[in-house]
Protein chains: 2
Amino acid sequence: MLAIHLRRSRLSRVVGAKKSELERRSDILAAAKLVALDGGLETVTARTVAAEADLSSGLVYFYYQTKNGLLHALLARLLETTLDGPEDGFGEDLPADVALHEMITTELEGLHTQRDEVDLLFQFYFFRRSIDFRDQIDTGLRLYTDAIHPVTDRFAREHDLDPDAFRSTLVALIQGAAIDVVRRPESFSAANLLQVVAALATSTPRHSEDAI
Amino acid sequence: MLAIHLRRSRLSRVVGAKKSELERRSDILAAAKLVALDGGLETVTARTVAAEADLSSGLVYFYYQTKNGLLHALLARLLETTLDGPEDGFGEDLPADVALHEMITTELEGLHTQRDEVDLLFQFYFFRRSIDFRDQIDTGLRLYTDAIHPVTDRFAREHDLDPDAFRSTLVALIQGAAIDVVRRPESFSAANLLQVVAALATSTPRHSEDAI
């Protein structure tokens with residue numbers, strides 16, 4: 001019996017340990033997110049997160065050595081899940097107008113379902129200037145901008161708009177919509193925004209006006 | 001001599017005291033702003049602000065009884081100076097397109113010169129969820145939206161756009177531009193944004209298309 005007990009325990013330790021490390025990290029970050037949403041980023045500590053995840057503080061320290069390490073890991077996860085942007089080659093088979101419209105629709109509707117995550121991203125950005133969360137977020141935003149590049153460039157070319165200016169404007173609009181989602185979720189309407197952008201963007205483009 | 005001295009001192013106490021209260025409050029808020037810009041809102045305390053203003057902590061407590069009182073007063077001042085919006089009757093004498101263009105120009109260029117203030121406003125919005133800075137800012141934004149109402153409504157009517165949807169879109173764009181000003185001041189260009197908005201907004205409106 002003793003041998004069996006030992007073998008089982010060793011087995012569960014070995015098998016469990018591999019699965020457990022990923023799961024534990026995931027549990028800890030999920031708990032950190034809840035703590036942050038509940039009381040703000042400044043309340044995220046090994047102690048509060050451990051209590052939320054029903055683990056020991058020691059385990060939280062074991063995986064994320066410092067409070068900042070934990071916050072950076074939480075931010076990295078938020079960036080992965082919220083600032084992913086369209087996939088490679090998105091909309092290539094569609095007309096430029098349609099591709100742009102679909103992309104903006106996806107982005108704006110995505111904001112709505114990820115309100116908590118968007119709120120936290122902004123909290124990170126405007127939290128304690130001394131810590132370099134801003135660099136991490138700016139990198140995420142640069143990747144995002146790269147992802148929307150092909151779609152916005154095609155549209156801009158067809159409408160005689162400066163591609164960089166157009167992309168910046170669109171990113172500004174999406175950022176501003178993100179704030180609205182946090183600020184007044186009950187009145188935010190992706191459809192409204194989209195309707196205005198579409199109405200403006202599908203009016204006769206300038207180069208065809210010139211051609212008349 | 002004694003009588004004269006007494007009279008002078010009483011005079012300066014009376015005259016000086018009236019002037020001094022406003023000035024002191026102004027000095028304290030200016031110092032609080034510097035402390036917040038330097039180390040973040042969480043470093044604003046009676047002690048740090050008193051040191052920055054070269055006053056005693058007691059005097060800071062005298063004017064602003066609590067840390068939150070001080071922060072709310074700082075926020076109120078920021079809202080007054082940054083979210084003022086166009087004046088009553090702005091652009092009434094101009095065509096709707098021109099009025100909108102002038103208004104957006106003023107707003108976007110204003111953001112650039114008020115980068116620090118905009119940064120602090122966002123810090124307030126995303127700082128400690130438990131305290132009601134958000135309500136104070138939302139009130140400011142509602143007043144701002146009221147101020148741009150007449151200009152956006154006229155433009156929307158002429159372009160067959162839903163007025164509320166158009167106004168929301170414009171506020172989102174300005175909010176997003178505000179984030180860009182904080183995030184990458186070196187590459188933010190009000191002119192670029194304006195060029196895109198103007199190019200889209202001055203294309204043939206939909207109702208004249210329908211008329212063709």
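A residue is called buried under 20% relative accessible area, exposed over 50%, and partly exposed in between, with a 1.4 Å probe and protein chains only as cover. With that settled, colleagues, let me turn to the model.

This is a predicted model, in which local features need pLDDT of at least 70 and side-chain atom pairs count only at pLDDT 80 or more, while totals for chains, interfaces and linings use all residues. Residues are numbered from 1 along each chain as its sequence is written, chains are lettered from A and ligands numbered from 1 in the order in which they are written, and side-chain values use heavy atoms, with hydrogens and water left out.

I begin with chain A as a whole. Helices and strands are DSSP runs (H or I of at least four residues, and E of at least two), numbered from the N terminus. On that basis chain A has 10 helices and zero strands, and its pattern along the sequence reads α-α-α-α-α-α-α-α-α-α. Of its 212 residues, 46% count as buried.

Next, the loops of chain A. Most residues other than glycine have a negative phi. Asp54(A) has a positive phi of about 60° and is not a glycine. Asp54(A) sits in the loop between helix H2 (46-53) and helix H3 (57-63), and it counts as exposed because its relative accessibility is 71%. Asp160(A), likewise not a glycine, has a positive phi of about 55°. Its loop runs between helix H7 (133-158) and helix H8 (163-183) of chain A, and with a relative accessible area of 46% Asp160(A) is partly exposed.

Another loop, between helix H4 (67-82) and helix H5 (96-113) of chain A, holds Asp88(A). Asp88(A) is exposed, at 84% relative accessible area. Which residues gather with Asp88(A) in a patch of negative charge on the surface? They are Asp84(A), Glu87(A), Glu92(A) and Asp93(A). A patch takes residues with over 30% relative accessible area and no salt bridge, and joins like charges within 9 Å and nonpolar side chains (Val, Leu, Ile, Met, Phe, Trp, Tyr) within 5 Å.

That brings me to salt bridges, each being a side-chain nitrogen of Lys or Arg within 4 Å of a carboxyl oxygen of Asp or Glu. By this rule there are 16 over all chains. In chain A, Arg167(A) and Asp153(A) form one, at 3.2 Å from N to O. This pair links distant parts of the chain, with Arg167(A) in helix H8 and Asp153(A) in helix H7, 14 residues apart. Both residues are buried.

In chain B, the closest N and O atoms of Asp153(B) and Arg167(B) are 3.1 Å apart in a salt bridge. Asp153(B) lies in helix H7 (residues 133-158) and Arg167(B) in helix H8, so the pair ties together parts 14 residues apart in sequence. Asp153(B) and Arg167(B) are buried.

Helix H8 of chain B (residues 163-183) deserves a further word. Of its 21 residues, 18 are buried, so the helix is largely enclosed by the rest of the structure. The expected span of a helix is 1.5 Å times one less than its number of residues. For this helix the expected value is 30 Å, and the end C-alpha atoms are 30 Å apart, which agrees.

Finally, Arg25(B) and Glu21(B) form a salt bridge at 3.3 Å. Both lie in helix H1 (residues 2-39) of chain B, four residues apart, about one turn of the helix. There is also a network of salt bridges that links Asp138(A), Asp180(B), Arg183(B) and Arg184(B).

Note on methods:
Accessible areas come from the Shrake-Rupley method with a 1.4 Å probe; for residues, only the protein chains shown count as cover. Lys and Arg count as positive and Asp and Glu as negative; His and the chain ends are not counted. The place of a charge is taken as NZ of Lys, CZ of Arg, CG of Asp or CD of Glu.
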